[in-house]
Amino acid sequence: RTKVPAYWVRLGWENWTLNTTFIYDIDEALAAHATLLRLKKVAAARLLAGESLEEAIKTFQYCPVELRMSAVISRMRNNVRLRKGTPRTSNLELAVEHRRCMSNLLQ
C-alpha cells in the first residue's frame with residue numbers, strides 16, 4: 001500500500017488560526033497558501049481602514065478552499081494572563097460568534 005502525501009496550509013492573523021483541510025497535491029497546497037496570503041492582505045487593509053476585526057475576518061469567507069477557523073483570546077486579570085481558545089469550525093459566522101462569546105466571558 002502506497003502512502004499518499006497530504007498537506008495543509010495554516011495561517012495565523014490577529015489571534016485567528018485558519019487551516020485548510022488536507023490537500024493531496026503540492027501545487028494545490030501552494031495555490032491555497034498564495035490565496036490565503038492574498039486574503040490576509042485584504043483583511044489587514046480592511047482592518048487598517050477602520051473596520052472591526054469581526055468584519056475584516058469575513059474576508060476569508062471567499063476562500064475557494066475549505067477552512068477551519070479558531071481564535072485565541074487573551075486578557076490580563078489580577079496580574080494573571082488568561083488565554084482561551086475557541087473550538088475549530090468551518091462555519092465563519094459561528095467562529096466569529098464563538099470568539100465574541102469567549103471575549104465576553106473574559107471581560
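**Exercise 1. Describe the hairpin that S3 and S4 form, and name the residue in its turn that has a positive phi.**

Solution. S3 and S4 form a hairpin with 2 residues between them, and Asn78, which sits in the turn, has a positive phi of about 55 degrees. The model is a predicted one, in which local features need pLDDT of at least 70, side-chain atom pairs count only at pLDDT 80 or more, and totals for chains, interfaces and linings use all residues. Residues are numbered from 1 along each chain as its sequence is written, and side-chain values use heavy atoms, with hydrogens and water left out.

Next, take the strands themselves: S3 covers residues 67-77 and S4 covers residues 80-85, and the two pair in the antiparallel sense over 6 bridges. Strands (E, at least two residues) and helices (H or I, at least four) are DSSP runs, numbered from the N terminus, and two strands pair if DSSP finds at least two bridges between them. Across this hairpin, Met76 stands opposite Arg81 in S4.

**Exercise 2. Work out the order of the strands in the sheet and state which strands stand at its edges.**

Solution. The sheet is open, has 4 strands in the order S1-S2-S3-S4, and is paired in the antiparallel sense. Strand S1 (10-13) and S4 stand at the edges; each has a single partner strand, so one side of each is left without a neighbour in the sheet. On average, and with direction ignored, neighbouring strands of this sheet are turned by 15 degrees against each other.

The remaining pairings can then be followed one by one. S1 and S2 pair over 4 bridges in the antiparallel sense, and the bridge partner of Trp13 in S2 is Trp16. The hairpin of S1 and S2 has 2 residues between the strands, and in it Glu14 takes a positive phi near 50 degrees. S2 is joined to S3 by 5 bridges, the two running antiparallel, and here the bridge partner of Asn19 in S3 is Arg68.

**Exercise 3. Find which strands H1 lies across and which strands H3 touches.**

Solution. H1 lies across S1, S2 and S3 and runs at about 10 degrees to S1. H3 packs on the sheet and touches S2, S3 and S4, its direction making about 10 degrees with that of S3. For these statements, contact means heavy atoms within 4.5 Å, while axes are lines fitted to C-alpha atoms, for helices over the stretch in contact, and angles run from 0 to 180 degrees between N-to-C directions.

As for S2, 4 of its 5 residues are buried, so this strand is largely enclosed by the rest of the structure. The cut-offs are under 20% relative accessible area for buried, over 50% for exposed, and partly exposed in between, with a 1.4 Å probe and protein chains only.

**Exercise 4. State how many salt bridges the structure holds, and examine the accessibility of Glu97 and Arg100.**

Solution. The structure holds 5 salt bridges, each being a side-chain nitrogen of Lys or Arg within 4 Å of a carboxyl oxygen of Asp or Glu. Side chains of opposite charge can pair when their charged atoms come close.

Begin with Arg100 and Glu97, whose closest N and O atoms are 2.3 Å apart in a salt bridge. These two residues are 3 residues apart in helix H3 (residues 92-105), which means that about one helical turn separates Arg100 and Glu97. Arg100 is partly exposed at a relative accessible area of 31%, and Glu97 is also partly exposed, at 33%. Glu54 joins Glu97 and Arg100 in a network of salt bridges.

Continue with Glu66 and Arg68, which form a salt bridge with closest N and O atoms 2.7 Å apart. Glu66 counts as partly exposed at 42% relative accessibility, as does Arg68 at 32%.

Finally, the side chains of Glu55 and Lys58 meet in a salt bridge of 3.2 Å, N to O; Glu55 is partly exposed at 34%, and Lys58 is partly exposed at 29%.

**Exercise 5. Determine where Ala44 lies and how far apart Ala44 and Arg77 are in sequence and in space.**

Solution. Ala44 lies in helix H1 and is partly exposed, with a relative accessible area of 26%. Ala44 and Arg77 are 33 residues apart in sequence, and their C-alpha atoms are 28 Å apart in space.
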